[in-house]
Amino acid sequence: MDKNLLETYKQHLSPALARSTGIVMERGEGPYLYTTDGERYLDFVSGIAVNNLGHCHPKVVAAAKAQIDKLIHGSFNLGFYPSALKFAAALAEVTPGDLNMFFFSNTGAEAVEGALKLARWKTKRNVYIAFQGSFHGRTMGALSVTASSAGYRARYAPLLPTVYHLPYPYCYRCRYGTKPNRCSLPCLEELNWLFACLTPPEDVAAVLIEPVQGEGGYIVPPKAYLQKLAEICREKKILLIFDEIQTGFGRTGKMFAAEHFGIVPDIMCLAKGIASGFPLAAVAASKDLMGDWPAGSHGTTFGANPVSCAAALAVLEVFKEEKILEKCNENGTFFKVSLEELARRYPVIGDVRGLGMMLAVEIVDGEGRPDAATTDKILKFCLENKMVFFKCGIYKNCIRFIAPLNAPRDFLEEGLSIFEKALQHVS
Ligand SMILES: Cc1ncc(COP(=O)(O)O)c(C=O)c1O
């Protein structure tokens, strides 16, 4: 695109949205992005964990096009349409346990808002417990539970006053000096301190947690931690909400990360990969929990959009037909083993972690301290070599690899080769 034209257009965009590159995307195909200048980039961002099937999967495109010819928007407040009804039934088949009732909206933050409201409505309690390092969205309610960056919250106070944040079990940088999976979970003991000092459990509507922390650094908690947390919630009649907005739809190698931990939460928030690129989100709960949420107590204009639902239905079909979870696990194992091998040769990689195709490395200095400056150099080198990815982690020193679950092997190998050259460059 003409550089002058780009500068002219840019005048109209708010700077509030952080943008990591200046590339102008024209089209996407599978794991590749093509710019208006005709450059091809390896896309390890996937629209921030949205395009789990790659860009413009032909079956998703065909389903959306067919729906566009019939009905683009009709209002789910006015009546029904087949794509949303069929998608709800298909989604109920893949969600864990009895989470088979849905409220559809458009974005992750909206799903979180819906879940927070449902929890309050159901329990008649008003306190929420969330986690340090967590990301749940930018609207006021979602921002109140978000704690991945002080900068996201700065100058927006007062947020919801009844939110407490516990430390997330970040074993690589354990604050309690214990060893992963060989500890008595002192981080979870913080919950008892909270109940004793700050809020009685009887006031707590819900605990909201990402089963694998995304923006906070692709941190996989110990299984025992989540299981014990679920047990405490059950005992205290506190609703357990899993934010599966980033982990959902196969990203971790199972349809939902909850399955890795053998937990069925009370409420689940879904968005991002649900329609592989179309805006759609859902609050999922059991009929028992959601079935008496009164008409009008929550709402949306665009939620359950017919085109998004048609695309989402196609996504679920593709998962079955193309054995996407198997591919995700094969790719994830290959990529993680390759990263671990790089970590043995390049000490700037302090940790390799993640599940399925939700993988990240933590970049450190010679003392093992977070090294955001080197992380930026790696990203810059890769961008110059036509590979894009995002950082994460509260110290901005983690690099997350969010390739499509079904990415071809040669794409992954090419990415690893560029990444290794970047490691050589900074080492
Ligand atoms: C775990 C998680 N929850 C919520 C959100 C917010 O989603 P959205 O940006 O669609 O509002 C995100 C977005 O990155 C996320 O990763």
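Two strands are said to pair if DSSP finds at least two bridges between them. By this rule, strand β5 (residues 127–131) of the predicted model pairs with strand β6 (residues 163–166) in the parallel sense, over four bridges. Within this pairing, I129 of β5 stands opposite Y164 in β6. β5 also pairs with strand β7 (residues 204–209), again in the parallel sense, over three bridges. In β7, V207 is the bridge partner of I129. I129 thus has a partner in β6, Y164, and a partner in β7, V207.

The surroundings of β5 were examined next. Five of the five residues in β5 are buried, and the strand is mostly covered. In a regular strand the side chains alternate between the two faces of the sheet. In β5, V127, I129 and F131 lie on one side, while Y128 and A130 lie on the other. The residues on both sides are buried, so both faces of the strand are covered, buried being defined as under 20% relative accessible area.

Confidence in the model was considered along the chain. The average pLDDT is 97, and 100% of the residues score at least 70. Confidence is highest in strand β8 (residues 239–243), with a mean of 99. Helix α1 (residues 3–10) has the lowest confidence, with a mean of 85. Where pLDDT is low, the predicted coordinates should not be read in detail.

A second group of strands forms an open sheet. Its four strands run in the order β1-β2-β3-β13, and the pairing is mixed. The edges are formed by β1 (25–29) and β13 (387–388), each of which pairs on one side only. Strand β3 (residues 40–43) pairs with β13 in the parallel sense, over two bridges. L42 has M387 of β13 as its bridge partner. Strand β3, at residues 40–43, also includes D43, whose side chain makes a polar contact with the side chain of H55 at 2.7 Å. H55 is located in the loop between α2 (46–49) and α3 (58–70). With a relative accessibility of 13%, H55 counts as buried, because the cut-off for buried is under 20%.

The ligand is surrounded by T107, G108, A109, F135, H136, G137, E210, D243, I245, Q246 and K272. By class, this shell consists of three nonpolar, five polar and three charged residues. Several of these residues place polar atoms beside the ligand. A polar side-chain atom of D243 is 2.7 Å from a ligand nitrogen atom. A ligand oxygen atom lies 2.8 Å from a backbone N or O atom of G108. For Q246, a polar side-chain atom is 2.9 Å from an oxygen atom of the ligand. The ligand taken alone exposes 390 Å², of which the protein buries 80%. D243 also belongs to strand β8 (residues 239–243), where confidence is highest, at 99.

K272, one of the residues around the ligand, was also examined for its backbone geometry. Most residues other than glycine have a negative phi, and most peptide bonds are trans. K272 has a positive phi of about 40°, although it is not a glycine. K272 is in the loop between β9 (267–270) and β10 (281–285). Its relative accessibility is 24%, and K272 therefore counts as partly exposed.

Two further backbone features occur in the loop between α7 (150–153) and β6, where P158 is placed. A157 and P158 are joined by a cis peptide bond, with omega at about 0°. R155 lies in the loop between α7 and β6 and has a positive phi of about 70°, although it is not a glycine. R155 is exposed, because its relative accessible area is 85% and the cut-off for exposed is over 50%.

A final comparison concerns Y395 and G137. G137 is among the residues around the ligand, whereas Y395 lies in the loop between β14 (390–392) and β15 (398–401). Y395 and G137 are separated by 258 residues in sequence and by 19 Å in space, C-alpha to C-alpha. Y395 counts as partly exposed because its relative accessibility is 40%.

Methods: Residues are numbered from 1 along each chain as its sequence is written. Side-chain values use heavy atoms; hydrogens and water are left out. A residue is near a molecule or strand if one of its heavy atoms lies within 4 Å of it. A polar contact is a pair of N or O atoms within 3.5 Å; within protein, one must be able to donate a hydrogen and the other to accept it, and residues adjacent in sequence count only if both atoms are side-chain atoms. Accessible areas come from the Shrake-Rupley method with a 1.4 Å probe; for residues, only the protein chains shown count as cover. Ala, Val, Leu, Ile, Met, Phe, Trp, Tyr, Cys and Pro count as nonpolar, Asp, Glu, Lys and Arg as charged, and the others, Gly among them, as polar. pLDDT is the predictor's confidence in each residue, from 0 to 100. Buried means under 20% relative accessible area, exposed over 50%, partly exposed in between (1.4 Å probe, protein chains only).
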